Amino acid sequence: MAVPDRIASMTRSVSQADQYGKCPEQYRLRRIERVTPRPAAWSHQGNAFHEACEAFERSDRTMSSAEAVEIYSDSYAALTNESLDRESNLARWMTAGGVDGETDVVNRHALGRAQVARYVEWAAEKGPVIWKAPDGSPGLELHVKAEIGGVPVQGYIDQLTAEPDTSVRVRDLKTGSTRSKFQLKTYTVLTRKVYNVPVRKADWYMGKTGGLSRALDVSKVQEEEVGEVFAAMDAGVKAGVFPARPGWNCRFCDVSHACSFS
């Protein structure tokens with residue numbers, strides 16, 4: 001199929017590569033057909049958690065736990081209300097754990113508040129040092145962009161922390177269980193290319209446990225390894241190749257209501 005110029009020429013990202021890798025048809029429905037995705041409270045929980053943690057870190061950790069939790073609540077409410085304006089029927093929202101949409105919205109508000117409070121407590125106790133970019137910007141939600149394997153790739157890195165050996169560690173904040181090594185590897189390559197600093201380790205802060213995952217050794221990650229994935233995805237999109245891959249992932253697809261294969 002013919003692919004619009006806006007899709008063929010756009011900068012790629014980890015979310016695009018993951019989406020295309022799981023199901024190219026989902027990519028087509030979301031990116032090309034622009035099907036409105038079904039809302040999910042877990043998405044609002046994650047976004048609001050990131051906003052609260054970023055605000056706490058930008059305050060140099062002077063913000064109180066109560067203030068950070070309030071930022072989470074305000075953000076979660078705003079995001080939820082925005083989705084309710086688009087889809088008022090909570091029965092159509094995506095949920096997990098076998099609960100209905102209304103229960104899920106309420107539960108995740110409370111869960112996110114608790115996760116933010118635990119993050120503030122953890123950061124105060126462990127004291128990770130947020131890295132500073134050459135221009136003085138803190139390593140928080142940094143937007144980075146560079147060519148990887150000949151393909152323009154961008155990303156927003158949750159945190160870059162300073163290591164004792166002067167290297168930089170890539171950190172991604174998670175409220176759920178899903179983790180992507182490919183994401184950390186991509187951000188490792190982008191950080192090296194954009195800032196010309198060594199990156200040897202990467203990890204996840206897990207909101208569910210209130211602590212860090214085991215560190216991932218990224219010292220041997222090369223641009224070619226990551227670039228192959230983006231090059232294949234980029235070529236497939238430009239060629240208009242979007243085969244459906246129905247299966248287990250369909251239950252988590254937010255555009256399955258518009259898919260004839262699910």
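# Reading a fold, one feature at a time

Me: Arg169 has its place in strand S3. Is the residue buried or exposed there?

Reply: Keep in mind that this is a predicted model. To sort residues, look at relative accessible area: under 20% means buried. Arg169 comes out at 11%, so this residue counts as buried.

Me: Which side chain does Arg169 join in a polar contact?

Reply: Look for Glu163: the side chains of Arg169 and Glu163 are joined by a polar contact of 3.0 Å.

Me: And what else is Arg169 in contact with?

Reply: Skip the neighbours within four places in sequence, and you still get a good list for Arg169. Among them are Gln159, Leu160 and Thr161, along with Lys201, Ala202 and Asp203. Glu163 turns up there too, and so does Ala215.

Me: Let's stay in S3. Where does Leu173 belong, and is this residue buried or exposed?

Reply: Leu173 also has its place in strand S3. With 5% relative accessibility, Leu173 counts as buried.

Me: How do I read a distance between two residues, say Leu173 and Asp158?

Reply: Check two things, the gap along the sequence and the gap in space. Leu173 and Asp158 are 15 residues apart in sequence, and their C-alpha atoms are 6.5 Å apart. Asp158 is also one of the contacts of Leu173, which include Gln159, Phe49, His50 and Cys53 as well.

Me: How do S3 and S4 pair, parallel or antiparallel?

Reply: Follow the direction of each strand and count the bridges. S3 and S4 pair in the parallel sense, over five bridges. Leu173 stands opposite Tyr205 in S4, and Tyr205 is in contact with Leu173 too.

Me: How many residues of strand S4 are buried?

Reply: Five of its six residues are buried, so S4, which spans residues 201-206, is mostly covered.

Me: What about S1 and S2: which way do they run, and how many bridges join them?

Reply: These two run antiparallel, with eight bridges joining S1 (residues 140-148) to S2 (residues 151-162). Val144 stands opposite Gly155 in S2.

Me: Which residue takes a positive phi in the hairpin of S1 and S2?

Reply: That's Gly149, with a phi near 65°. The hairpin has two residues between its strands.

Me: Now a loop. Where does Ser167 lie, and is Ser167 buried or exposed?

Reply: Ser167 is in the loop between S2 and strand S3 (168-174). Don't assume a loop residue sticks out: Ser167 is buried, because its relative accessible area is 3%. Its side chain makes a polar contact of 2.6 Å with the side chain of Asp165. Beyond its neighbours within four places in sequence, Ser167 is in contact with Thr161, Ala162, Pro198 and Arg200.

Me: Where does Pro198 lie?

Reply: Pro198 lies in the loop between H7 and S4. This one is partly exposed, at a relative accessible area of 33%. Besides Ser167, Pro198 touches Thr166 and Val168, if you don't count residues up to four places away in sequence. Val168 is 30 residues away along the chain from Pro198, yet their C-alpha atoms are separated by 6.2 Å.

Me: On to helices. At what angle do H2 and H3 pack?

Reply: Picture a line through each helix and compare the two directions. Helix H2 (residues 14-22) and helix H3 (residues 24-32) pack at about 130°, and their axes are 5 Å apart. That angle makes H2 oblique to H3.

Me: Which residues of H2 and H3 meet?

Reply: From H2 come Ser15, Gln16, Gln19, Tyr20 and Lys22, and they meet Pro24, Gln26, Tyr27, Arg30 and Arg31 of H3. Sorted by class, this contact has three nonpolar, four polar and three charged residues.

Me: Which residues in H2 are buried, and what covers them?

Reply: First the general idea: an α-helix has 3.6 residues a turn, so residues three or four places apart point the same way. In H2, the buried ones are Val14, Gln16, Ala17, Gln19 and Tyr20. Their cover includes H3, helix H7 (181-195) and helix H8 (223-238).

Me: One last helix residue: where is Ser75 found, and is Ser75 buried or exposed?

Reply: Ser75 is found in helix H5, residues 65-86. Its relative accessibility is 8%, so Ser75 counts as buried. Leaving out neighbours within four places in sequence, Ser75 is in contact with Ala48 and Glu51. Arg61 sits 14 residues from Ser75 along the chain, and their C-alpha atoms are separated by 19 Å.

Note on methods: Residues numbered from 1 in each chain as written. Predicted model: local features only at pLDDT ≥ 70, side-chain atom pairs only at ≥ 80, totals over all residues. Heavy atoms only, no water. Axes fitted to C-alpha atoms, helices over the stretch in contact; angles between N-to-C directions. Helix = DSSP H or I, 4+ residues; strand = E, 2+ residues; numbered from the N terminus. Parallel < 35°, antiparallel > 145°, perpendicular 65-115°, else oblique. Contact = heavy atoms within 4.5 Å. Nonpolar A, V, L, I, M, F, W, Y, C, P; charged D, E, K, R; others polar. Pairing = 2+ DSSP bridges. Buried < 20%, exposed > 50% of the residue type's maximum accessible area, 1.4 Å probe, protein only. Polar contact = N/O pair within 3.5 Å; in protein donor to acceptor, adjacent residues only side chain to side chain.
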